[in-house]
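Thanks for making time this morning. I would like to take you through one part of a model, and then to a second place in the chain, so please keep the picture in view while I talk.

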Amino acid sequence: MPNIELTLEIVNAILEEHNLNVSGFEKMKSTGMVNTIYALGDELVLRIPNDDPSAIPESFTESIAVNIALQAGIQTPELVVFDNSQTILDRPFTIYKRVHGDTLGLLDLEPNQIPETYRAVGRELAKLHSEVLEVYDPLGRLDHPGYEQSR
């Protein structure tokens, strides 16, 4: 399953399938190895899993976890589409509402240069772990990481 480079034909098929009206698409810079990310117009982001073994399981986890996080008040982009039909692509893909800003991992900054950003991320993680006590996952899409103790 090779990484996918989008063509206009594929993008148009995705947009038509999900009744989305946007013009243009552009590959976005990314720090991760799990997804290839494309801007769909100015308001949406398409994420396509790469060949990394964890990529597809992470897409399934996100399909459940994002909505749970939003319901708990966590600041995260809204999931617009989770498509596992494999009618257009040979793997699942997601479309999110776009949050305009800078990707932290692409900035040449040390953590001590932006301490409030790291505090805000910590507050969101704390909220996630204290507010989300139960998750309905009838299809078993969430991953089940171990609770290894780090040193």
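Alanine 39 has valine 45 as its bridge partner in S3, and I should say at once that what you are looking at is a predicted model. That pair belongs to a longer contact, since S2 and strand S3, which covers residues 44-49, pair in the antiparallel sense over six bridges. In the hairpin that these two strands form, three residues sit between the strands, and glycine 41 takes a positive phi near 65°.

S2 also has a partner in strand S1, residues 25-27, which runs antiparallel to S2 and is joined to it by three bridges. Here phenylalanine 25 has leucine 40 of S2 as its bridge partner.

Is strand S2, then, buried or exposed? Six of the six residues of this strand, residues 35-40, are buried, and so S2 is largely enclosed by the rest of the structure. If you look at its two faces, both are covered, with Asn35, Ile37 and Ala39 buried on one side, and Thr36, Tyr38 and Leu40 buried on the other.

Let me now turn to the surface. Leucine 104, which lies in the loop between strand S5 (93-97) and helix H3 (115-131), counts as partly exposed because its relative accessibility is 33%, a value that falls between the 20% limit for buried and the 50% limit for exposed. Together with Leu107, Leu109 and Tyr118, Leu104 forms a nonpolar patch on the surface, and the accessible area of these residues together is about 310 Å².

How values were computed: Residues numbered from 1 in each chain as written. Predicted model: local features only at pLDDT ≥ 70, side-chain atom pairs only at ≥ 80, totals over all residues. Heavy atoms only, no water. Patch = residues over 30% accessible without salt bridge, like charges linked within 9 Å, V, L, I, M, F, W, Y side chains within 5 Å. Areas by Shrake-Rupley, 256 points an atom, 1.4 Å probe, with all protein chains shown as cover. Salt bridge = Lys/Arg side-chain N within 4 Å of Asp/Glu carboxyl O. Helix = DSSP H or I, 4+ residues; strand = E, 2+ residues; numbered from the N terminus. Buried < 20%, exposed > 50% of the residue type's maximum accessible area, 1.4 Å probe, protein only. Pairing = 2+ DSSP bridges.
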